[in-house]
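Please read the following report alongside the sequence and the model. Terms are explained where they first come up.

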Amino acid sequence: MTTTDIAPDSVAVDGQQKHTFIERLVTSTSSLSIGKSWINTGLFYLISSSLLGFFLDIVRFDTDRYLIFSNVDTFFQFWSLNRTALVLLALIPIIIGLAMCVVPLQIGANSIIFPRAAAFGFWLWFLGAGITVFGFLADGGFGAPDSGSQQEAVALTLVGLLLVITGICMSVICLLTTIISGRCMGMSLRRIPLFSWTMIVSGTLWILTLPVLAANAVLTYVDLRGRSAIYFGSEDLIWEQISWVFTHPQIYVFVLPLIGIAYDIVPVATKIRQRNHDLVLILSGLFGVIGFGAYAQPFFDTPGTPVREEALYVVTAVLAVPFSLLLLAGVLETLRMGARNLTRHPPAPLVLSLLSLLLLVSGTIVGALRAIEPFELIDTTATTAQMKLTIGAGIVAAVAAMLWWGERIIGKKSKQGFGLIAGALIATGALLSGLTETINGFLGLDDFTKVNFLEKVSSESTAKVFIFFSFIGSFLFFVGSAIFLIVEFLRVRNGSESEVNPWGGHTLEWTEEVVTVSSERPLLDIEEKVGVDDV
Amino acid sequence: MSEMISPPLPSRPRTLVTGAVLGSIASVMFFAGLLAIYFSMRADAIAWGSEWFPEGAIQLVPGGMNMATMSLSVITMAWAVRSVSLNDRIHTYLALGLTALLGVAMINQTVFYLNDIGLPVDYSKASTLLFTIVGAHMIMVAIGVIWSLLLLVRAFGGQDTRRHQDLVSALSIYWYAGVVIYSIIWIGIYIAK
């Protein structure tokens, strides 16, 4: 007699077991889930670094008090941590998170390609970010001007930095592959939405430049580890070797997606077709190209002429101004044509995306002034000013993007008015800090590269006045970031369910249902099932 | 009888190959950064009339042997790609195994040479750069060897068929990038010294 076993029902029940939040968080390979993890962690680091920036400005204003910073070395470590965290732990992660959530939807892909690699990239970055911060807190960081840091902790920071770069590069490769190979048929690269386009440009430049930063970090690590450094690992030289990442021209590459964000938001908000689409593609591409900054390292100084005084450096700095102005003009033209379609209260993302472009233009202008040799601004606080304005532009654009696409990503409405206030505060803070630091640059105040920095600050009474305004700007930046975090938290907790397409968008991310394109004769599917290749 | 006309195949680049190209670009840029620093500092040292490497420290033979090994591995890797596309399992085993073996040989020669060179890492800027660049490349080759061994195991399991040839193609792109980088190291460090 033959007996047949039937699978017990419990198997099916087991398969549908509910996972805990942690299990879902760690094991998820959904692009939305990974993207949200990037955004949430990036927001955490944004708040932390903006608070740190605020404390640093207090110390600069009142140099008699080191507050939590016990000496000039500690102050330098936190100063460099602030820059590193703003760029590598806050801005880039938030942009990657947005891209993870939005780009697959925009190009009609089911999900991110290589989802496990994308998840691995996030966790690698997460681990690296933790190690980097721990390295700074353990008296390491990127060395210290007075050679007072712990060598082992410096090495730990470098390992953390390498993991951060690897995680970012891995995630960007997944994103780029999704756009190149995963977009729906019929959608040429010319037709992809501009946020996805700017992600291609900036992502490509990230994988072209961040490995160079990794090379700097490896070289420093090899020189530093286990022996007294020959050159690369010397404590007072480490920051000089890697600081090219946080200034012109490289800084533009990190905020390039803000152009895509603005150009995706404004035409939809004004219900006007974007004119000169191809020109925008070219201009944003060129803006990315001039942002390639891996060459601007002190290693590449020619005798007698530092690389930051070379023609290429100056020309790209000056070119960034007309490019950013043209990009702003394109948005303004669309806004002018569609002004009649706007209500008395234009959408918050529209206002914020315009503010972000204005900040970017300000950043490029300061960058151009800084590169003009007779002004002698290269080593002054104009460097800080350019960074604050540009990074501020990126953060404001990220706020705009969250208010715009957040309804689709999270599925809940947010308080747009509070979001607008948050973004406006960040923009005002960045602008105030940026302008006052520029003036201080003209007054000859050094960017932090020297041991006697704080003594010099205290002796400059005029500069101190402007440092006070910079301090106010940092405070506004922090308050804006905090309000934005609260807005997003309240959205997740209490937000009402949003419509699928609240803005009347026309690109694929706003479609109500998943579009399935099928062939009348699905030969490919048949081949897969039968295994034609094996026949 | 009417002839069946199949619709055109999608023209999108293959995902694994695209990913491998992007990953290889990132690897190349990592070495480009290191090599640019090396060449820049070397040019400065020569311009100032200082010694870059001590006389006789860098020998051509070990570098040349490594270059020859890597060049041979290009052929075996191309053989692996071809074999997989033809569904020829035996040749796939051989080609992947030989590529991995050549990679191991290259690592072995490099380790021997770095021990034999007589220059400590902290002897000078040049020696620090040499150890960093050659060491990093050795790690790149080691990753390639592990990857090819994994594919070899998959091939034994019958999984590296023509339908899964992208995995081997992706490895080949990475491997070729490694060979290109080594050829620059060979010319820039071993020949030009």
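The report below takes up each chain, their contact, and then some single residues.

This is a predicted model, in which local features need pLDDT of at least 70 and side-chain atom pairs count only at pLDDT 80 or more, while totals for chains, interfaces and linings use all residues. Residues are numbered from 1 along each chain as its sequence is written, and chains are lettered from A and ligands numbered from 1 in the order in which they are written.

## The two chains

Chain A has 18 helices and zero strands, where helices (H or I, at least four residues) and strands (E, at least two) are DSSP runs numbered from the N terminus. Chain A holds 535 residues, of which 54% count as buried; a residue is buried if 20 or more other C-beta atoms, placed from the backbone, lie within 10 Å of its own, exposed if 12 or fewer, and partly exposed in between. Of the contacts in chain A between residues at least 6 apart in sequence, 84% join residues at least 24 apart, a contact being a pair of residues whose C-beta atoms, placed from the backbone, lie within 7 Å.

Chain B consists of five helices and zero strands in its secondary structure, and its elements follow one another from the N terminus as α-α-α-α-α. Its C-alpha atoms fill a box of roughly 85 × 30 × 20 Å along the principal axes, and 40% of the 193 residues in chain B are buried. Of the contacts in chain B between residues at least 6 apart in sequence, 79% join residues at least 24 apart.

## Helices of chain B

Helix α4 of chain B, residues 125-156, has 32 residues and should span 46 Å at 1.5 Å a residue, and its end C-alpha atoms are indeed 46 Å apart, which agrees; the expected span is 1.5 Å times one less than the number of residues. Just after α4(B), B:Gly158 takes a positive phi of about 80 degrees.

The axes of helix α2 (residues 60-85) and helix α5 (residues 165-191) of chain B come within 9 Å and cross at roughly 165 degrees, where axes are lines fitted to C-alpha atoms, for helices over the stretch in contact, and angles run from 0 to 180 degrees between N-to-C directions. The helices α2(B) and α5(B) are therefore roughly antiparallel to each other, since angles over 145 degrees count as roughly antiparallel, under 35 as roughly parallel, 65 to 115 as roughly perpendicular and the rest as oblique. Among the residues that meet are B:Gly63, B:Met70 and B:Met77 in α2(B), and B:Ser172, B:Trp175 and B:Trp186 in α5(B). The residues of this contact divide into 16 nonpolar, eight polar and no charged; Ala, Val, Leu, Ile, Met, Phe, Trp, Tyr, Cys and Pro count as nonpolar, Asp, Glu, Lys and Arg as charged, and the others, Gly among them, as polar.

## Where the chains meet

Between the chains, 33 residues of chain B are in contact with 34 residues of chain A. On the side of chain B that touches chain A, α1 (15-47) and α4 each supply at least two residues, and the largest share, 16 residues, comes from α1(B). By class, that side of chain B has 16 nonpolar, eleven polar and six charged residues.

## Single residues of chain A

Most residues other than glycine have a negative phi, and most peptide bonds are trans. The table lists two residues of chain A with a positive phi.

| Residue | Phi | Loop in chain A | Other C-beta atoms within 10 Å |
|---|---|---|---|
| A:Phe114 | near 60 degrees | between α4 (72-106) and α5 (115-137) | 23, buried |
| A:Asn276 | near 50 degrees | between α10 (257-270) and α11 (277-290) | 13, partly exposed |

The peptide bond from A:His248 to A:Pro249 is cis, with omega near 0 degrees, and A:Pro249 is found in the loop between α8 (238-242) and α9 (250-255) of chain A.

A:Asn110, in the loop between α4 and α5 of chain A, is partly exposed, with 13 other C-beta atoms within 10 Å. A:Asn110 and A:Cys184 are 74 residues apart in sequence and 9.3 Å apart in space, C-alpha to C-alpha.

A:Ile95, in helix α4 of chain A, counts as buried with 31 C-beta neighbours inside 10 Å. Leaving aside neighbours within four places in sequence, A:Ile95 is in contact with A:Pro257 and A:Ala398, while A:Ile95 and A:Gly42, 53 residues apart in sequence, are 8.8 Å apart in space, C-alpha to C-alpha.

Methods
Contact = placed C-beta atoms within 7 Å.
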